Amino acid sequence: MTGSDPSQFEVRPHPNPRSEAERGAILANPGFGRDFTDHMVTIRYTEGKGWHSAEVGPFGPLSLSPATAVLHYAQEIFEGMKAYHRADGRIGLFRAEENAARFQRSAERMAMPQLPTELFLGSLRALIDIDRAWVPEGEDTSLYLRPFMFASEEFLGVRPAMEFTYCVIASPAGAYFKSGPKPVSLWVSHEYTRAAPGGTGAAKCGGNYATSLRPQAEALEHGCEQVVFLDAVHRRYVDELGGMNMFFVYEKDKTVVTPPLGTILAGITRDAIFTLARDAGYEVVERLYDIDEWRADAESGDLTEAFACGTAAVITPVGVVRDKDHEFSAGTGEAGPLTKRIRQNLLDIQHGKVADPYGWTSVVD
Ligand code: PLP
Ligand code: COI
């Protein structure tokens with residue numbers, strides 16, 4: 001089966017969906033990843049048969065054998081994207097084909113089958129179609145979409161599974177950080193790394209996030225909200241945060257610096273920022289960025305802004321940066337002018353409030 005026609009999906013409406021009042025209460029204060037819509041998509045893959053049994057059914061528990069491969073060897077990948085209520089009243093997506101392509105790259109790295117782009121896009125449309133009332137309308141809100149795939153074969157041998165399950169669930173989202181676009185504080189992890197060359201850093205697989213939890217706890221213990229990882233070889237070049245890419249702004253020569261791809265996730269927001277920064281008159285430089293350079297340039301004032309970016313967090317200014325010996329902050333420690341400008345620009349495009357000269361947005365209905 002291929003194609004994006006939602007009619008390919010068998011639709012089993014929830015027999016007992018949430019009432020309008022229940023949904024309204026959730027949408028009034030959506031939080032992040034806490035409440036889920038009434039439905040979910042499921043598609044199965046079986047070696048030799050391909051993709052089959054696509055359906056949109058009630059959101060609910062999966063029934064798995066204790067011997068299901070993913071529970072033992074973590075053969076699992078996911079994506080994160082958002083559906084937006086647009087200014088014209090329609091529902092839009094942002095660069096969804098890029099998520100489809102990254103899902104395929106993650107699958108390739110994890111020895112999993114690649115879901116065709118049209119089926120990926122069709123699955124999003126099918127879910128949004130039935131749960132469209134769950135897309136919140138407020139400023140800075142959206143319906144967070146979580147496509148994921150796991151090895152669902154019942155087998156304990158260590159080899160790629162022969163059966164996989166792909167699902168999409170959706171969760172209404174407010175601002176990811178409770179503090180909104182206020183600066184996020186960062187703990188520099190010297191002990192733990194996130195990804196080594198040849199590893200899975202560029203894949204969006206669950207294991208990368210599992211290993212980030214201990215360093216994230218360390219960040220919290222030190223009064224910081226997020227952890228920034230350094231490279232695994234030299235232990236000095238900035239990689240990224242647990243769920244966001246990093247940018248550094250040098251106003252004096254109008255450049256924006258960001259770590260190169262390799263062991264980091266190729267963020268779709270990161271890529272959009274390249275274009276928005278260039279259009280704002282800045283040169284974008286992808287290069288290794290030393291933690292000592294960060295501190296020295298922050299202290300001298302050469303570094304004027306630092307921000308992190310990702311689908312969930314959009315663009316978030318970085319405030320205090322700390323490790324056991326140092327503490328510094330870029331610029332004033334508040335959201336700088338370029339950070340604010342690019343953030344607003346991006347949100348306005350995503351919500352269809354301004355024209356999209358880049359062809360990044362698509363409407364679902
Ligand atoms: N880096 C990591 C580790 C992430 O999990 C994410 C979020 O998806 C990002 C960066 C940002 O990627 P994107 O902008 O595509 O959401
Ligand atoms: C996202 O930004 O979509 C992410 O996936 C980050 C995090 C919630 C895992």
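## A polar contact in a predicted model

A polar contact is a pair of N or O atoms within 3.5 Å; within protein, one of the two must be able to donate a hydrogen and the other to accept it. Keep that in mind as we tour this structure, which is a predicted model. Our opening example joins the side chains of Thr-263 and Asp-239, which make a polar contact at 3.3 Å.

Where does Thr-263 sit? Thr-263 belongs to the loop between strand 13 (255-258) and helix 6 (268-279). Its relative accessible area is 17%, and buried means under 20%, so Thr-263 counts as buried.

## Around ligand 1

Let us move on to ligand 1, which has 16 residues around it. The closest are Tyr-209, Glu-240, Ile-268, Thr-269 and Thr-311. Helix 6 and strand 15 (305-310) each contribute at least two residues to this shell. By residue class, the shell holds 7 polar, 5 nonpolar and 4 charged residues.

Which atoms meet the oxygen atoms of ligand 1? An N or O atom in the side chain of Tyr-209 lies 2.5 Å from an oxygen atom of the ligand. For Ile-268, a polar backbone atom is 2.7 Å from a ligand oxygen. Lys-204 takes part through an N or O atom of its side chain, at 2.8 Å from an oxygen atom of ligand 1. Taken alone, ligand 1 exposes 380 Å², and the protein buries 96% of that.

## Around ligand 2

Ligand 2 is surrounded by 10 residues. Gly-80, Tyr-144, Lys-204, Thr-311 and Ala-312 are the closest. You will recognise Thr-311, which is also listed among the closest residues to ligand 1. This shell divides into 5 nonpolar, 3 polar and 2 charged residues.

Here, too, some distances are worth a look. A polar side-chain atom of Tyr-144 is 2.7 Å from an oxygen atom of ligand 2. Lys-204, whose side chain we met at ligand 1, also places a polar side-chain atom 2.8 Å from an oxygen atom of ligand 2. From Ala-312 the partner is a backbone N or O atom, at 2.9 Å from a ligand oxygen. On its own, ligand 2 exposes 280 Å², of which the protein buries 88%.

## Helix 7 and its ends

Helix 7 spans residues 291-300. What caps its N-terminal end? Asp-290 does, with a side-chain oxygen 2.8 Å from the backbone nitrogen of Asp-292. Just after the helix, Gly-301 adopts a positive phi of about 90°.

Within the helix, the buried residues are Ile-291, Trp-294, Arg-295, Asp-297 and Ala-298. The list thus brings together nonpolar residues and charged ones, since Arg and Asp count as charged, whereas Ile, Trp and Ala count as nonpolar.

## A buried strand residue and a surface patch

Is Val-321 buried or exposed? Val-321 lies in strand 16 (residues 314-322) and is buried, with a relative accessible area of 0%. Val-321 and Gln-226 are 95 residues apart in sequence, and their C-alpha atoms are 9.7 Å apart in space.

For a contrast, look at Leu-71 in helix 2 (residues 70-73). Its relative accessibility is 53%; exposed means over 50%, so Leu-71 counts as exposed. Leu-71 joins Leu-62 and Leu-64 in a nonpolar patch on the surface. Together, these three leucines have about 260 Å² of accessible area.

Key:
Residues numbered from 1 in each chain as written. Chains lettered and ligands numbered in written order. Predicted model: local features only at pLDDT ≥ 70, side-chain atom pairs only at ≥ 80, totals over all residues. Heavy atoms only, no water. Patch = residues over 30% accessible without salt bridge, like charges linked within 9 Å, V, L, I, M, F, W, Y side chains within 5 Å. Areas by Shrake-Rupley, 256 points an atom, 1.4 Å probe, with all protein chains shown as cover. Salt bridge = Lys/Arg side-chain N within 4 Å of Asp/Glu carboxyl O. Helix = DSSP H or I, 4+ residues; strand = E, 2+ residues; numbered from the N terminus. Buried < 20%, exposed > 50% of the residue type's maximum accessible area, 1.4 Å probe, protein only. Near = heavy atom within 4 Å.
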